[in-house]
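Here is a short briefing on a protein model. Look over the sequence and structure first.

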Amino acid sequence: MTTTELAESVPASNPLVNTGVFALFVAITLFVVYRAGNRGKKTTADYYAADSAFTGRQNGIALSGDFLSAASFLGIAGAIAIHGYDGFLYSIGFLVAWLVDLLLIAELLRNTGRFTMGDVLSFRMKQRPVRAASAASTLVISFFYMLAQMAGAGGLVALLLNVHSRLGQSLVIGVVGLVMVVYVLVGGMKGTTWVQIIKASILLVAATLITVFLLGKYGFNFSHLLTAATDNSPMGTSLLEPGGSYGASGTTRLDFVSLSLALVLGVASLPHVLMRFYTVPNSREARRSVVWATVCMFVFYLCTLVIGFGAAALVGSDEIKAAPGGENSAAPLLALHIGGTLLLGIISAVAFATILAVVAGLTITASASFAHDVYANIFKRGKAEPADEVRVARLTALVVGVMAILGGILANGQNIAFLVALALAVAASANLSTLLYSLFWKRFNTTGTLWSIYGGLAACLVLVLFSPVVSGAADSIFKSVDFHWFPLKNPGLVSIPFSFLCGFIGTMVGRSKADGAKHAEMEVRSLTGIGS
Amino acid sequence: MHNVANTPAASTPLEETGQLPAMFAREGVEPAPSTRRGPDYDLIQRSPEFTSLRRRFRRFVFPMSAGFFVWYLTYVVLAAYANDFMSTRVFGLVNVGMLLGLAQFVTTALITLVYVRFANREMDPRVAELRERAAVTEGTRQ
């Protein structure tokens with residue numbers, strides 16, 4: 001059977017099957033979350049960090065689950081199918097980024113902190129201002145990241161459930177948000193982690209099976225697959241060359257370098273990733289977590305390479321672009337072509353589940369940061385009752401959930417890729433510089449900490465506000481006005497070095513001296529775990 | 001929140017008999033269980049065992065981090081600016097860009113492997129030793 005015949009014989013997407021598989025997934029995960037949740041227990045360690053009882057392998061798979069978001073699964077496969085090589089560049093950034101965590105952050109962070117990023121950053125600094133800054137950056141990053149996921153859900157709905165009306169999509173976003181809040185409230189960190197593990201496993205198995213099938217179809221010869229892909233792509237052989245989407249001009253090239261920098265440095269300092277390291281008992285398990293996450297991502301991104309080119313070969317870029325959801329529909333359409341409605345249902349359900357699980361992880365991170373850093377340590381000056389702290393965290397989760405639903409409905413249909421890139425840029429700017437200074441530079445002090453967090457955060461937000469993303473270009477949020485003066489869509493290239501500079505200058509001009517005794521404690525503790 | 005700070009560090013019978021080197025106890029200062037709290041981080045930090053552990057760790061991770069970062073940036077800049085070079089065919093349709101991209105996968109895996117070996121062999125035993133000695137001076141927890 002030739003490709004065209006296959007395409008004609010393919011049944012249309014069946015919303016009933018999709019919904020059925022999705023409902024089954026939700027039912028199973030809800031059951032697991034219900035069993036995993038310690039409903040009688042109201043300790044902070046349980047709610048924030050699952051009592052640190054996960055193994056490195058479990059946490060590693062959950063970590064990879066945080067990254068195999070809808071954006072990276074559907075987005076990267078689609079980008080490879082349409083733009084070829086340039087889509088592949090994304091996955092490399094996401095993978096290499098794990099080395100930052102492995103070498104410089106994961107183990108030291110696990111040894112030093114307990115629940116949040118603020119624990120580490122404020123360890124040897126003045127507690128209240130630093131915790132406030134750390135919570136601010138955590139909340140901003142989580143909010144942007146969450147907005148992107150929720151808005152992405154809207155686009156997915158159109159494709160997978162055949163819901164095209166604005167109201168229907170909003171309704172589905174609402175349901176997604178509601179289920180997510182239930183996960184968080186019932187299961188806490190333990191439940192959320194299990195959802196991630198289940199989801200990541202299904203996604204990995206599905207991606208591997210599709211890959212093996214595709215390779216088998218081309219006689220296990222990658223070059224044959226590439227030939228088929230280039231034959232079927234309007235780009236021809238330039239599909240395999242860099243520059244398909246970034247090579248247009250000097251600015252787009254520089255933009256690409258900026259994005260790559262934000263990718264490789266931002267992933268390692270996303271608050272919801274950092275918080276995962278507290279769910280394992282010690283630094284050894286934290287190390288194993290990163291290794292397992294790297295293995296999962298390694299396999300997964302090799303699969304997306306094959307899936308992306310496979311979609312270019314079997315589905316074709318015209319059909320992908322014409323489908324509702326555009327680029328993002330490459331992987332589901334490929335599933336439909338090779339496995340029929342059932343496989344499409346499974347892939348769709350997994351894509352939905354992905355959004356659900358990632359948003360749940362973000363919600364728990366945001367609520368932990370608010371309850372632990374702001375409520376317990378700033379308002380109550382570290383003297384909050386654990387039960388009260390957990391109650392505040394749950395309440396925050398509810399508020400965050402409502403905000404995510406409303407934000408997702410408002411942002412539905414907006415240009416969302418930049419939200420993810422922005423979240424990564426903020427993480428790389430505000431968090432990475434501060435974490436590295438805090439862990440490795442003895443003289444670093446409170447002023448430096450505040451300068452590098454707020455400096456990086458402000459630089460990112462200002463540069464994006466005056467970038468073509470917001471105004472002055474055909475795909476801007478505000479198309480009719482033009483107040484942009486910063487040429488790049490991604491601020492990382494400027495804001496990341498800027499925050500390192502801010503931290504340095506702040507430390508030099510700050511009058512607060514570094515606390516020697518606390519530094520000794522932090523250094524010993526971070527490397528050996530003594531006292532943690 | 002750091003509950004360890006409240007653990008009083010009493011001198012142990014072992015220290016008094018001199019059977020174990022009390023390396024983290026301040027010399028000449030009578031240990032006063034009521035005032036000394038937790039492990040003496042300052043003393044541990046200045047101990048030769050800890051400084052050598054720190055040096056070993058930094059000598060490994062800093063060059064390694066710089067290495068992969070420069071290698072990644074080189075690749076990114078090549079992909080952005082050296083289209084012709086990256087498009088050079090090597091075999092079949094596979095070009096230099098594809099191979100360099102896969103090489104990033106391979107180096108990431110290699111660095112991960114090498115680091116894990118390093119951490120298991122060079123760091124973990126030394127950390128365990130330091131922890132054990134710190135526990136000695138921490139004394140019997142009450």
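The points below cover chain A, one of its helices and its contact with chain B.

This is a predicted model: local features need pLDDT of at least 70, side-chain atom pairs count only at pLDDT 80 or more, and totals for chains, interfaces and linings use all residues. Residues are numbered from 1 along each chain as its sequence is written, while chains are lettered from A and ligands numbered from 1 in the order in which they are written.

**Chain A overall**
- Chain A has 20 helices and zero strands (DSSP runs numbered from the N terminus: H or I of at least four residues for helices, E of at least two for strands).
- The radius of gyration of chain A is 23 Å, which agrees with the value near 24 Å for a compact globule of 532 residues (taken over C-alpha atoms; the rule is 2.2 Å times the number of residues to the power 0.38).
- Of the 532 residues of chain A, 65% are buried (20 or more other C-beta atoms within 10 Å of the residue's own, with C-beta atoms placed from the backbone).

**Helix α11(A)**
- Helix α11 of chain A runs over residues 250–266.
- Twelve of the 17 residues of α11(A) are buried.
- Among them are D255(A), F256(A) and G266(A).

**Contact between the chains**
- Chain B gives 47 residues to the contact and chain A gives 43 residues (C-beta atoms, placed from the backbone, within 7 Å).
- On the side of chain B that touches chain A, α5(B) supplies the largest share, 17 residues.

Key. The expected span of a helix is 1.5 Å times one less than its number of residues. Two residues are in contact if their C-beta atoms, placed from the backbone, lie within 7 Å.
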